[in-house]
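Colleague: Please give me a close look at one part of this model, the largest pocket. I would also like to know what its lining leads on to.

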Amino acid sequence: MTAGATPAGAVSHETRHWHAIDWRNMHRIVRRLQARIVKAVQEGRWGKVNALQHLLTHSLSGKALAVKRVTENPGKQTPGVDGDIWDTPTKKTAAIGCLRQRGYHPLPLRRVRIPKPHSPKLRPLSIPSMRDRAMQALYLLALDPIAETTADRHSYGFRPERCTADALEQCRIVLSRKNAAPWILEGDIQSCFDEISHDWLLAHVPMDRQILRQWLRAGFIETHVWHPTNTGTPQGGIISPVLMNLTLDGLQQCLQRRFRRTKVRNGMVNMVRWADGTPVQA
């Protein structure tokens with residue numbers, strides 16, 4: 001059986017050469033599973049959602065695409081605490097086989113500090129190891145369809161196929177109405193990534209909670225000292241922006257419920273959510 005012909009749920013133990021993988025077929029298999037996850041979410045069939053997520057995260061196709069993502073993005077030459085990078089076809093091929101859930105334990109994050117745009121302060125960036133990045137990318141393939149299906153309608157930050165221009169256009173639409181509000185309230189959540197409650201994430205994020213718990217509590221190493229992580233999700237983690245969006249989703253519905261019961265005219269209260277910068281991902 002060739003790499004491209006492997007069924008979606010099969011995990012092959014054969015050694016395949018990186019350049020022999022049928023990437024078009026890998027994408028097709030994963031997209032099909034993601035579409036089934038979206039349909040199950042829309043139907044409220046969460047047992048089926050869990051089963052499909054398990055199928056995707058244990059599939060050869062999902063693992064191959066996860067390795068492909070972390071070895072082709074801008075941080076591909078940035079190592080974690082183990083100093084390892086996957087920079088050859090042989091290493092990439094072997095990496096697919098190392099993405100196993102049984103016995104998985106993430107390494108601590110490597111903490112570095114980078115300049116913040118338009119600020120003298122430094123932003124803490126926590127860099128996972130290559131294997132942990134790939135595992136996050138793998139589980140993101142199964143989490144993204146849910147996050148996109150349940151997201152606030154006017155949330156534009158850190159979402160595929162959405163950009164700053166979309167947020168600006170929505171602002172233009174709501175402010176150009178005859179009954180538009182005369183004020184704009186700008187809110188900024190300070191240290192948003194750093195302060196998210198682990199307990200809330202573990203109770204509400206629809207993914208393997210054992211894997212998520214290990215990521216959240218892996219700790220980080222800075223100047224050769226290990227530090228615990230009791231809150232937050234690290235900037236630098238591939239899955240962190242989606243975890244942040246899942247935490248904030250629901251704000252739009254809360255506003256609608258709150259002001260529906262008042263005399264405020266329809267259209268006077270709107271929320272447009274955006275993130276002021278793309279997180280640096282290793």
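Modeller: I start with the pocket, then follow its lining into the sheet and the largest cavity.

This is a predicted model, so local features need pLDDT of at least 70 and side-chain atom pairs count only at pLDDT 80 or more, while totals for chains, interfaces and linings use all residues. Residues are numbered from 1 along each chain as its sequence is written, and side-chain values use heavy atoms, with hydrogens and water left out.

The largest pocket has a volume of about 1900 Å³. A pocket here is an open set of points on a 1 Å grid over the protein atoms alone, with protein on both sides within 12 Å along at least five of seven lines. Points are joined across faces, edges and corners, and the volume is the space filled by probe spheres set on them. The lining counts 48 residues; each has an atom within 4 Å of a point. Nearest the pocket centre lie E186, G187, D188, I189 and W274.

By type, the pocket lining holds 27 nonpolar, 13 polar and eight charged residues. Nonpolar covers Ala, Val, Leu, Ile, Met, Phe, Trp, Tyr, Cys and Pro; charged covers Asp, Glu, Lys and Arg; the others, Gly among them, are polar.

Which elements give two or more residues to this lining? They are β2, α6 (164-175), α7 (192-195) and α10. Elements are DSSP runs numbered from the N terminus: helices are H or I with at least four residues, strands are E with at least two. The largest share comes from α6, with six residues.

Take β2 next. Strand β2 (122-127) is an edge strand, as is β4 (225-227), and each pairs on one side only. The open sheet has four strands in the order β2-β1-β3-β4, with mixed pairing. Pairing requires at least two DSSP bridges between two strands.

β1 and β2 are antiparallel over six bridges. R113 faces P124 in β2 across this pair. The two strands form a hairpin with six residues between them. In its turn, H118 has a positive phi of about 60°.

On to β3. β1 (residues 109-115) runs parallel to β3 (residues 220-222), joined by two bridges. L109 stands opposite F220 in β3. Across the sheet, neighbouring strands are turned by 40° against each other on average, direction ignored. Axes are lines fitted to C-alpha atoms, for helices over the stretch in contact; angles run from 0 to 180 degrees between N-to-C directions.

Now α10, which also lines the largest cavity. α10 (240-248) and α5 (130-150) each supply at least two residues there. The largest share, three residues, is from α5. A cavity is a set of points where a 1.4 Å probe fits but cannot get out. Three cavities of 30 Å³ or more are counted. The largest has a volume of about 70 Å³.

Its lining consists of D144, A147, E148, A151, S155, F158, R159, P160, V242, N245, D249 and R273. Five of these residues are nonpolar, two polar and five charged.
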